[in-house]
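Work through the exercises below with the sequence and the model in view, and try each task before reading its solution.

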Amino acid sequence: MKGLLDRILRWGLLLAVLGGCGITTSSPAPEDSSPGGWTTLAPMPTARQEVAVAEAGGKVYVIGGFGEAFEASDVVEAYDPVAKRWEGRAPLPAPLHHPAAASVGGKIYVMGGYSGRVSWTASDALFEYDPATNAWRERASMPTARGGLVAVALGGRIHALGGAAERPVSAHEVYDPATDRWSRANPMPTARDHLAATALGGKVYVIGGRASFLGEQYGSLEIYDPSTDSWRTGQPLPLPRGGLAAAAAAGRVLVFGGELSFRIVEAVEAYDPAADRWTARAPMPTPRHGMGAAVVGGQVYLPAGATRPGPGRTDVLEAFTP
C-alpha cells in the first residue's frame with residue numbers, strides 16, 4: 001500500500017498541483033579548477049526516461065524506460081560516437097521501466113525494473129544481449145525482484161544494488177555471467193532506490209538515492225571492497241538526491257543531475273577518492289533525472305531522462321568531457 005500511495009502522489013499530485021513545473025538546483029560544493037565541458041549530440045529517436053544505459057563495443061545503448069503514455073517500453077537504441085548516429089536494435093524481451101544494465105565480455109545484462117504504468121510490478125528477470133547477433137536471451141533470475149536499482153560490472157561479475165519492490169531494499173546480489181549464477185554479498189548499509197553507482201580502482205561506489213519521492217533524499221557515499229566483502233563510508237554527496245547518474249572517468253567518480261521532491265538538479269559533482277573530497281563541475285546543459293551514463297573514449301555520454309519532476313521525458317543526448 002505504501003508503494004502504491006507513493007506512486008499516486010508521484011504522478012497524480014505532481015501533475016495536478018504543480019503542472020509539471022520544477023526548480024533547478026545547483027551544487028553547494030566548491031568549484032573545481034578543471035570544470036570540464038559539454039557537447040550536445042544527435043537526439044535519441046525515442047524520447048524516454050527511467051531507462052537503463054550501458055556501453056558495449058564502443059556504442060551507448062539506451063534500454064527500456066517510460067514510453068509516450070508512461071507505459072513500460074521495450075525500445076532499445078544504440079548511439080555510435082564515431083558515426084554520430086543512432087540505430088534501432090532488437091527490443092527487450094519484456095517492456096520495462098526503471099531497469100539496470102551493465103556490460104561484461106562485450107554483452108549487456110539488463111536486470112530488474114518494473115512493468116505497468118499505474119500499478120508497478122517489480123521484476124526479477126535478467127536478460128542478456130549480444131550486439132554481434134542483435135539477439136536477447138533470458139538468464140537466471142535475480143534473487144530479489146526490484147526496480148530503481150543499479151548494476152555495476154567489476155572483475156567480470158555484476159553487482160546489483162538497492163532498488164525497491166514495495167519499499168527500498170539494501171540488497172546486494174552478484175551475478176557471474178560465466179556460470180549464470182547469483183550469489184549474495186554484504187548488503188548496502190543504507191537501503192535506497194533511485195541511486196547511482198560506478199566502479200573505480202577495484203571498488204564499487206554507491207551514491208545518493210532516496211527512501212521515496214516525497215521522503216528522505218540521501219547523500220550517502222558507501223564504498224564496497226569485494227576483496228573483503230566490506231563497506232566503508234566516504235564524504236557524503238554535497239547535494240543529497242535521487243534519480244542521478246554516475247560514471248568513473250579521469251580518476252574521479254562523477255555524478256550527474258537528479259531529482260528532489262519538486263526540483264530538478266543541474267549539478268555535476270566529482271569525487272576524489274584520494275582526498276575524500278567533492279567538487280562541482282560544469283552543470284548539465286539540460287538538467288535531468290532518470291537518465292543513465294556510459295563512458296566511451298574518456299567522454300561520459302548521458303542520454304534520455306526527464307526535464308521536470310516526475311514525468312517529462314526527453315530525447316536529449318549530451319556528452320561530458322572531464
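**Exercise 1.** Determine whether Phe70 is buried, partly exposed or exposed, and describe its setting.

Solution. Begin with the classes: a residue is buried under 20% relative accessible area, exposed over 50%, and partly exposed in between, with a 1.4 Å probe and protein chains only. Phe70 has a relative accessibility of 26%, and therefore counts as partly exposed. Next, locate the residue: Phe70 sits in the loop between strand 4 (59-63) and strand 5, where strands (E, at least two residues) and helices (H or I, at least four) are DSSP runs numbered from the N terminus. Then inspect the backbone, where Phe70 shows a positive phi of about 65° although it is not a glycine. Finally, turn to the side chain: ring pairs join Phe70 with Phe66, Tyr114 and Trp120 in a cluster. A ring pair here means that the centres of Phe, Tyr or Trp rings (for Trp the six-membered ring) lie within 6.5 Å, with planes under 30 degrees apart called stacked, over 60 edge-to-face and the rest tilted.

The model is predicted, so local features need pLDDT of at least 70 and side-chain atom pairs count only at pLDDT 80 or more, whereas totals for chains, interfaces and linings use all residues. Residues are numbered from 1 along each chain as its sequence is written, and side-chain values use heavy atoms, with hydrogens and water left out.

**Exercise 2.** State how many aromatic pairs the rule gives, and classify the pair Tyr79 and Tyr301.

Solution. The count comes to 16 aromatic pairs. For Tyr79 and Tyr301 the ring centres are 6.2 Å apart and the planes meet at 45°, so this pair is tilted. Placing the two residues, one finds Tyr79 in strand 5 (residues 76-80) and Tyr301 in strand 28 (residues 299-303), so the pair ties together parts that are 222 residues apart in sequence. Tyr79 counts as buried at 1% relative accessibility, and Tyr301 likewise counts as buried at 5%.

**Exercise 3.** Classify the aromatic pair of Phe213 and Phe262, and say which parts of the chain the pair ties together.

Solution. The centres of Phe213 and Phe262 are 6.1 Å apart with 80° between the planes, and the pair is edge-to-face. Phe213 belongs to the loop between strand 18 (203-207) and strand 19 (221-225), and Phe262 to the loop between strand 23 (259-260) and strand 24 (263-265), so the pair ties together parts that are 49 residues apart in sequence. As for accessibility, Phe213 counts as buried at 1%, whereas Phe262 counts as partly exposed at 34%.

**Exercise 4.** Establish whether Ala247 is buried or exposed, and list the residues that Ala247 touches.

Solution. Ala247 is found in strand 21 (residues 245-249) and, at 3% relative accessibility, counts as buried. With contact taken as heavy atoms within 4.5 Å, and not counting residues up to four places away in sequence, Ala247 touches Thr198, Arg252, Val253, Leu254, Ala293, Val295 and Val300. The C-alpha atoms of Ala247 and Tyr205 are 9.7 Å apart in space, while the two residues are 42 apart in sequence. For a contrasting case, take Ala250, which lies in the loop between strand 21 and strand 22 (252-256): Ala250 counts as exposed at 65% relative accessibility, and has a positive phi of about 55° although it is not a glycine.

**Exercise 5.** Describe the surroundings of the loop residues Gly58 and Pro226.

Solution. Gly58 is placed in the loop between strand 3 (52-56) and strand 4, and counts as partly exposed at 26% relative accessibility. Leaving aside neighbours within four places in sequence, Gly58 is in contact with Pro81 and Val296; its C-alpha atom is separated by 7.2 Å from that of Asp80, 22 residues apart along the chain. Pro226 is placed in the loop between strand 19 and strand 20 (230-233), and is partly exposed with a relative accessible area of 34%. Not counting residues up to four places away in sequence, Pro226 touches Leu154, Gly202 and Lys203, and the C-alpha atoms of Pro226 and Lys203 are 6.8 Å apart.
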